[in-house]
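Please look over the chain shown here. The report below takes it from the overall fold down to single residues.

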Amino acid sequence: MADSINDRKTLLISGASSGIGHAVCKRLASSETQVFTVDIECAPPDVEVANHYQADLSVPAEVEKLTRTIRNDIDISSISSLINVAGIPGTKPAEQVFQVNLLTVRFLSRQLAAHMRPGGTIVNVGSISGNNWGQRIDTYKELLALDDAGARVWWQNEMKAVEVDPYTFSKEAVIVWTMLQAGELRGTGLRCNVVSPGPVETPLLPTFRDQIGDERIDWVLHHSGRAAQPDEIAQAIEWLAIGESSWVNGHHLVVDGGYTSGLLSGWVDTENAPEPRVTFVD
Ligand code: NAI
């Protein structure tokens with residue numbers, strides 16, 4: 001069924017300069033799309049984009065400035081998809097992880113969703129680190145009921161007491177946020193989904209080795225067979241953003257070569273699994 005957005009899709013992609021975000025750009029930039037990108041780094045290489053915005057998504061004032069600039073440059077009601085890929089690992093300070101991986105995603109999504117037209121989509125990037133979101137659902141609902149300022153205060157007071165490291169926390173929370181936003185968007189014709197990759201061959205992968213330890217990463221790779229290529233994650237993002245996925249909403253799509261299915265059905269040997277290292281950076 002055709003949606004009500006005109007034929008030339010306008011897409012805004014964060015974290016576009018490297019890894020998965022870059023792969024999404026390469027896949028989605030075409031004569032039928034207009035791709036706008038955001039990153040702390042320069043414009044993505046080898047891709048023609050309509051405009052690139054350089055901004056530090058860990059700084060709330062920069063994120064607000066970015067949305068004002070975008071609003072001046074683009075008719076944001078013409079944006080058909082927002083793809084929130086930018087993310088940082090747990091080797092970065094906990095507050096930055098919380099801001100980039102959760103609050104900025106929520107802020108950009110709400111700002112744009114308020115203007116996007118029916119048929120529009122939002123796709124977030126979680127992680128299989130966030131698979132156990134259900135164990136802390138009440139915490140996330142309490143947190144996500146707060147505005148950004150309140151959430152930052154909550155985090156400062158509570159972060160040391162939460163049961164998981166900040167990266168895992170941010171990814172569990174962004175999965176729950178996606179589900180909640182699907183509810184916020186009821187009746188608007190907009191959809192919001194989250195893709196959770198397992199290990200992917202990007203510059204982030206070595207930092208995960210630092211964060212949770214070589215043994216644990218190698219154990220995951222042993223069960224999934226290999227790490228994903230960035231384009232294998234971009235395929236799923238493309239489907240949710242502009243593909244034939246019109247009734248898929250609020251969905252947590254794990255893209256990990258089957259590893260999570262092994263955890264759930266028992267063919268992954270969890271008894272002998274090396275414990276992940278817990279990283280907390282003040
Ligand atoms: P990457 O490091 O290759 O790409 C991340 C992009 O985000 C970079 O272009 C970086 O410059 C940008 N970025 C980082 N901090 C920023 C900031 N403060 N402001 C603006 N832009 C910023 O990493 P990758 O692997 O492509 O990561 C993309 C997403 O995938 C992240 O959300 C990550 O958590 C998630 N992910 C990655 C996995 C992996 O194994 N690589 C596994 C599971 C999830």
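What follows covers the whole chain, one helix and one loop.

## Overall fold

This is a predicted model. The chain holds 10 helices and 7 strands. Its radius of gyration is 18 Å, close to the 19 Å that the globule rule gives for 282 residues, so the chain is as compact as a globular protein of that length. Along the principal axes, the C-alpha atoms fill a box of roughly 55 × 40 × 35 Å.

Contacts across the sequence fit into this picture. Among contacts with a separation of 6 or more, 73% join residues 24 or more positions apart. Of the 282 residues, 53% count as buried.

## Surface and charge

The chain has an accessible surface of about 13,000 Å². Carbon and sulfur atoms account for 49% of that surface.

The chain carries 22 positive and 36 negative charges. How far apart are the mean positions of the positive and negative charges? They are separated by 5 Å.

## Helix H5

Helix H5 spans residues 148-158. Four of its residues are buried: Asp148, Ala151, Trp154 and Trp155. Viewed down the axis of H5, the buried residues fall within an arc of 115 degrees, so they line one face of the helix.

What do the buried residues of H5 pack against? Their partners are three helices: H3 (94-113), H4 (137-144) and H6 (166-184).

## The loop between E2 and E3

Strand E2 covers residues 33-39 and strand E3 covers 51-54. Ala43 lies in the loop between these strands, and Asp46 lies in that loop too.

Is Ala43 buried, exposed or partly exposed? Ala43 has a relative accessible area of 39%, so it falls in the partly exposed class, which runs between the 20% limit for buried and the 50% limit for exposed. Leaving aside residues up to four places away in sequence, Ala43 touches Ser17 and His52. The C-alpha atoms of Ala43 and Gln54 are 7.7 Å apart. Along the chain, Ala43 and Gln54 are 11 residues apart.

Asp46 has a relative accessible area of 64%. Exposed means over 50%, so Asp46 counts as exposed. What is notable in the backbone of Asp46 is its phi angle. Phi is positive, at about 60 degrees, although Asp46 is not a glycine.

## Recap

Helix H5 turns one face, lined by its buried residues, to helices H3, H4 and H6. In the loop between E2 and E3, Ala43 is partly exposed and Asp46 is exposed.

Key: Residues numbered from 1 in each chain as written. Predicted model: local features only at pLDDT ≥ 70, side-chain atom pairs only at ≥ 80, totals over all residues. Heavy atoms only, no water. Helix = DSSP H or I, 4+ residues; strand = E, 2+ residues; numbered from the N terminus. Rg over C-alpha atoms; globule rule 2.2 N^0.38 Å. Buried < 20%, exposed > 50% of the residue type's maximum accessible area, 1.4 Å probe, protein only. Contact = heavy atoms within 4.5 Å. Areas by Shrake-Rupley, 256 points an atom, 1.4 Å probe, with all protein chains shown as cover. Lys, Arg positive; Asp, Glu negative; His and termini not counted. Charge placed at Lys NZ, Arg CZ, Asp CG, Glu CD. Arc of directions from axis to C-beta.
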